[in-house]
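Subject: Model for your review

Hello,

Here is the structure for you to look over. My notes come after it.

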Amino acid sequence: MVYWGGSTDVTDRTLAEDAIPARIAIPVELRAVAIMLTLAAFGYVLFPDDLAFLTRLISIALLVLSLDLVTGYSGVATLGHSAIFGVSAYAVGNLCLAGQSDPLLLLVAGALAGALMGLASGALITRFKGLPQLVLSIAVGQLVAALANKLSGLTGGSDGLSGISPGRVFGIYAFDIYGRTGYVFSVAVLIVVFVVLLRIVRSPFGLLCRAIKDDSLRARMIGARVYPRLVLMYGVSGVVAGIGGSLAAINTGVVGLDSVSFERSAEALVMLVLGGAGSLWGALIGSIVFQVFEHYVSAANPFHWMTMVGALLIAVVLFAPKGLLPLAISLTGRVASALRSRA
């Protein structure tokens, strides 16, 4: 492992994640599957008549997870990540309209489109650091959004790309109007992607990307090739964002300009900060909390719901500047210590 002074936050978090499975002898991946199945069941109980919302939540959660790989784990500042998400959604939509309706093949196509877009944009964005990097990522996102608006033959322009009708999953399960097949399909995809990402971020490659984020100069001094690693992580991130875009196109049947908008990128970054950057669980929790909160308050107050969302974000920044996940871990640790001391 590559750790040095200044990376105590990463070290402590990694040790905390490693300590639990060692103590209870359950692999991290199995714990993740169990937790996510529980969350999926809980979501179904809460929203039995609004599964379309949950499938949208999952697709956006994949976008936030992909953003976490480049921003939380690698330290790349970006506000144009929705470009990868949207390009993949358009690619899947056009492929489906051309006659290829197998959902699994559409997922693979979206992942490939996301990987290509991620590698292309990453090769440009990761050459810079700081403010130029951030501005360049915004420029890439705006360029893709402008092209999506102009190339109406491929994207439908401002009207969007509609008529996307995926086939049956494994040739058996059709996408029904209630969204049950789409929800189960999306949950299964999210679990597989999440387990794979757990392996990636805990691998030598993932740990090296964390080291680059902490101090890229020291990473170079130990012989690490920083630029290729960042581009590769951008490609991995593109695959995840591409899968999210694919699910969005498959489940909604429509791809609009909002999928490549700056607002989508900014929202994804807000969700990441809300949950806690540099942690897959933080990205997942942030996306769930933000979207569920937005869903409820927008229904309760359609005119001033953004004010309440803003108040939530201000409260989190003031009382949990590192995100909700570190706050929850800290509170859990304090409660456990208090219980042990009383015993």
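The notes below deal with one helix, its neighbour and the core.

This is a predicted model, in which local features need pLDDT of at least 70 and side-chain atom pairs count only at pLDDT 80 or more, while totals for chains, interfaces and linings use all residues. Residues are numbered from 1 along each chain as its sequence is written, and side-chain values use heavy atoms, leaving out hydrogens and water.

Leu190 lies in helix H8, residues 180-201 (helices are DSSP runs of H or I, at least four residues, numbered from the N terminus). Leu190 counts as buried because its relative accessibility is 8% (buried means under 20% relative accessible area, with a 1.4 Å probe and protein chains only). Not counting residues up to four places away in sequence, Leu190 touches Met36, Ile58, Leu62, Leu65 and Leu284 (contact means heavy atoms within 4.5 Å). Ile58 is 132 residues from Leu190 along the chain, yet their C-alpha atoms are 7.1 Å apart.

With the same sequence exclusion, Phe194 touches Ala32, Met36, Leu65, Leu280, Trp281 and Leu284.

H8 also packs against helix H11, residues 226-252: the axes come within 11 Å and cross at roughly 175° (axes are lines fitted to C-alpha atoms over the stretch in contact, and angles run from 0 to 180 degrees between N-to-C directions). The two helices, H8 and H11, are therefore roughly antiparallel (angles over 145 degrees). Residues of H8 in this contact include Phe185, Val189 and Leu197, and those of H11 include Val236, Ile243 and Asn251.

Regards

Definitions and conventions. Buried means under 20% relative accessible area, exposed over 50%, partly exposed in between (1.4 Å probe, protein chains only). Angles under 35 degrees count as roughly parallel, over 145 as roughly antiparallel, 65 to 115 as roughly perpendicular and the rest as oblique.
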